[in-house]
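Trainee: Can you walk me through this one? I'd like to start with the pockets.

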Amino acid sequence: MSGPFKTDNPVDAETYALITQFYARQMQLLDERAAEEWADGFTEDGVFAQNVKPEPWTGRAVIAERMRAGMDRLAGRDVQRRHWFGMVAAERQDTDTVLTRYYAMVFETPRGGRATTYLSTVGEDVLVLQDGQWRVKHRLITHDGT
């Protein structure tokens, strides 16, 4: 999806609200270090890719396992991270598939310290509707400055 994002077929207001609520819940789970619950927001065969990693994580179980390992490493540093998604653009592909593009910032605050910007990124998702819930089929996170 990289490159200019078109919204020739934008989603309706209700779908947009549901998608932004999905993102809010998923990011709050991440900030609470609930790796397995966060990974449940991916399809069973979902993909989590970052331009700074050599290989994407493929499959919900692998995504959960790798995110849990990262969260466990972070816990040893005694910092709190907060993820913020904004500027969400959403393009309907078909009844059950939506493409999104958004900016994502990650803030990090050490105990007793000041918040700093840890990451600035652009995210691109393929979302699919499964059993009445939005899930990520494919996520690409592109880190700014790389």
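Mentor: A pocket is an open set of points on a 1 Å grid over the protein atoms alone, where a 1.4 Å probe fits, with protein on both sides within 12 Å along at least five of seven lines, and lining residues have an atom within 4 Å of a point. This is a predicted model, where local features need pLDDT of at least 70, side-chain atom pairs count only at 80 or more, and totals for chains, interfaces and linings use all residues. Residues are numbered from 1 along each chain as its sequence is written, and side-chain values use heavy atoms, without hydrogens or water.

Trainee: Which residues lie nearest the centre of the second largest pocket?
Mentor: They are F22, R25, G41, Q133 and W134, out of 15 that line the second largest pocket.

Trainee: And for the largest pocket, which are closest to its centre?
Mentor: Those are Q50, M67, R81, H83 and L119, and the whole lining has 31 residues.

Trainee: Switching topic, how many aromatic pairs are there?
Mentor: There are eight, counting Phe, Tyr and Trp (six-membered) rings with centres within 6.5 Å, called stacked under 30 degrees between planes, edge-to-face over 60 and otherwise tilted. One of them joins F42 and F48 edge-to-face, at 6.1 Å between centres and 80 degrees between planes, while F48 also forms a tilted pair with W57, at 5.2 Å and 35 degrees.

Trainee: Are F42, F48 and W57 buried or exposed?
Mentor: F42 is buried at 0% relative accessible area, F48 is buried at 8%, and W57 is buried at 12%, where buried means under 20%, exposed over 50% and partly exposed in between, with a 1.4 Å probe and protein chains only.

Trainee: Which residues form an aromatic cluster?
Mentor: F22, Y23, F85 and Y102 form one.
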